[in-house]
Amino acid sequence: MKTEYLKINKPEARNVALPVVMTIAGSDSSGGAGIEADLKTFSTFGVYGATCITALTAQNTKGVKSIEKTPRKLLAEILNANLEDFYGYENAPLKVVKTGMLTKEAIEEIVKCDIKVKFVIDPVMVSTSGSQLFDLDGIKYCVECLMKDAYLITPNLPEAKALYGLFKSPYEITNVEEFKKFVVDLQSHLLCNNLLVKGGHIPFDKEGNVSKNGSQVIDILYESESQILTLYSSEYINSENTHGTGCTLASAIAANLTNGKSLTDSVTISIDFIHKGMLQMTKLGYGNGPLNHNLTPCTQVSHLIEVGGNEVLKFDDNNTFVDYLSSHPRVKQTWQKYVEHPFVKRLAENTLPFESFFYYLKQDYHYLIIYARMHGLLASKAPTYQQTHAAATIIGEIITEIEHHKKRLKAYNVDYERDIEELKPGKACVEYCDYLLNIGQKEDFLGIKVSLAPCLHGYAEAGAYGRKLRAENPVEIPDIYEGWLNEYASDWYSKADKEGRLALNALVVDGITRIRAEELVDIFNTVSQLEIAFWNEVLDI
């Protein structure tokens, strides 16, 4: 007998923080809905899913065969086990609770726990196949004890009418205006913070009237605090892949909220995910088949909606896009902390220990390697061959800078090829580089350019800040400190800064929607924060 031994390499360790969503719902043995759909959706959107199973079901795409409730004692123990581990302390990871099929016992135990996080409630009453999952008494109890003050409730139209019927006699909806009025009226009775009523059961024609042959679906979100109605219009999809769509939509919204997306953006992203899952799946089973949960979701709202009707921002040479990004209310304070960082001040005043600067140079070497790779990704997504060539030229310049780095450090007996194991990147460098590479994979040409902008333009402003400090207090400083400060305050770097601003302006010469601009603001702000962390780590060693 021949024996072979395969040694598995140890993977690189990474400190990846995953926020937690807990789903409290029933289990679907066929895997298309319930807890199973929730967990698939959470993983797809990059959040950690905890569960509390309220009932076991024997079901498939044709229907629910039987239901067995989770005993109250066990249900309470499950809830408490999750909460004592993930909730109730500083920086606890549990951010959102999503509920699906609930029993009266489950609602009572949830209420006892008094969980102070956002609740996304999918009021599951009837399965896609038509099976009754929640009786009238259970619905009433849920409204009285759980829905009031819930962050979001996501009924489809039949569920919304059942809820409405607890307060008034429901009426037939014949057009969009009546649908809007119905949603606002229902929220006033439920007293939840936000209400999303899904309109898949009532297609509308182009004039906004309900029609069996209607070509569009309208989902309506009402945010009570701001009193804003958002109508999500999409093409009607004729598909049998509808099993678990309601569970998946609510779970996707919960996951996106957990990841810091706004409610309106979370709904947009989640609706698109549902539609793609319905359309990109070969039918499974004999009944209403499940959707495809294994797709990579698009989380850029600007890529999911039509431009028409959205505000367009324009920039010129005197009001550049970089100026807009760095002076944005969400960025302005961060930007100032970055370009006037104590690292620069201590260099200019000669109060920075050389060991700290030495550490910075070694970290910057690792950063420059990723900076070069980012321009490779930029080149691969360039709209024109001239832009591809420009990115390739920059890569050559970065490689030259890396070689200069190596020469500088050889003076201190550091050889990168020889000492590579001792020159590993620090936590701040790794987090920064990982973020950039993630942007490089998922963003377009403009998004990548924006992610690289804080480095180029921030160093120019930091260089000007250092020169100002040197003029105010011209103390003697080491040549290596003076060389660094002079480089980023030099005429050639100021020219590069100006050219970079104009190049970014050229990419938005026809304007950019405010929605897309806000996405790019988030990227610019995050990278600026990572630049701060990069220098903070240098000062903290």
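The following paragraphs walk through a predicted model of a protein, from its overall build to single residues.

The overall build comes first. The predicted chain holds 541 residues, and 51% of them count as buried. Its secondary structure consists of 19 helices and 11 strands. Measured out along the principal axes, the C-alpha trace spans about 80 × 70 × 50 Å. The surface that the protein exposes comes to about 26,700 Å², of which carbon and sulfur atoms supply 51%. As for charge, there are 54 positive and 70 negative charges, and the mean positions of these two sets are 2 Å apart.

The chain can also be read in terms of domains. The domain assignment gives domain 1, covering residues 20–280, and domain 2, covering residues 312–540. Between the C-alpha centres of domain 1 and domain 2 there is a separation of 43 Å. Contacts within the protein often link distant parts of the sequence: among those between residues at least 6 apart, 73% join residues at least 24 apart.

Next comes the interior. In soluble globular proteins, nonpolar side chains tend to be buried together. In this model, the largest nonpolar core has 74 residues, and the members that touch the most other members are Phe 321, Phe 343, Tyr 360, Trp 484 and Trp 535. The element giving the most to this core is helix 12 (residues 354–380), which provides 15 residues. Apart from this core lies another one of 46 residues, and its members include Ala 150, Val 176, Val 183 and Ile 202. Trp 535 offers a good view of the packing around one residue. Leaving out residues up to four places away in sequence, Trp 535 touches Tyr 338, His 341, Phe 343, Val 344, Tyr 360, Tyr 459, Ala 462 and Trp 484.

Several individual buried residues are worth a visit. Thr 41 sits in helix 1, which runs over residues 34–44. Thr 41 counts as buried because its relative accessible area is 0%, and the cut-off for buried is under 20%. Beyond its neighbours within four places in sequence, Thr 41 is in contact with Thr 248, Ser 251, Ala 252, Phe 273 and His 293. Ala 348, by contrast, lies far along the chain from Thr 41: the two are 307 residues apart in sequence and 51 Å apart in space, C-alpha to C-alpha.

Thr 103 occupies the loop between strand 4 (94–99) and helix 3 (104–113). With a relative accessibility of 5%, Thr 103 is buried. Once neighbours within four places in sequence are set aside, its contacts are Thr 54 and Lys 69.

Leu 263 belongs to helix 8, which spans residues 263–279. This leucine, too, is buried, at 4% relative accessibility. Residues that Leu 263 touches, not counting those up to four places away in sequence, are Tyr 151, Leu 152, Asn 194, Leu 221, Glu 223, Ile 253 and Leu 257. For one of these partners, Ile 253, the C-alpha distance to Leu 263 is 7.7 Å, with their positions 10 residues apart along the chain.Other residues lie at the surface. Ala 17 is located in the segment before strand 1 (20–28). With a relative accessible area of 72%, Ala 17 is exposed. The C-alpha atoms of Ala 17 and Tyr 48 are separated by 9.5 Å, although these residues are 31 apart along the chain.

Two loop residues draw attention through their backbone angles. Asp 149, found in the loop between helix 4 (136–147) and strand 6 (152–153), has a phi near 70°, a positive value in a residue other than glycine. Asp 149 counts as exposed, at 55% relative accessibility. Gln 227 also has a positive phi, of about 55°, although it is not a glycine. Its place is the loop between strand 8 (216–223) and strand 9 (228–235), and its relative accessible area of 62% makes Gln 227 exposed.

A last stop is His 201, in the loop between strand 7 (194–197) and strand 8. His 201 touches Asn 156, Leu 157 and Pro 158, not counting residues up to four places away in sequence. From His 201 to Thr 384, the C-alpha distance is 45 Å, and the two are 183 residues apart in sequence.

Methods
Residues numbered from 1 in each chain as written. Heavy atoms only, no water. Core = buried A, V, L, I, M, F, W, Y, C linked by side-chain atoms within 4.5 Å. Buried < 20%, exposed > 50% of the residue type's maximum accessible area, 1.4 Å probe, protein only. Helix = DSSP H or I, 4+ residues; strand = E, 2+ residues; numbered from the N terminus. Contact = heavy atoms within 4.5 Å. Areas by Shrake-Rupley, 256 points an atom, 1.4 Å probe, with all protein chains shown as cover. Lys, Arg positive; Asp, Glu negative; His and termini not counted. Charge placed at Lys NZ, Arg CZ, Asp CG, Glu CD. Domains from an automatic or database assignment.
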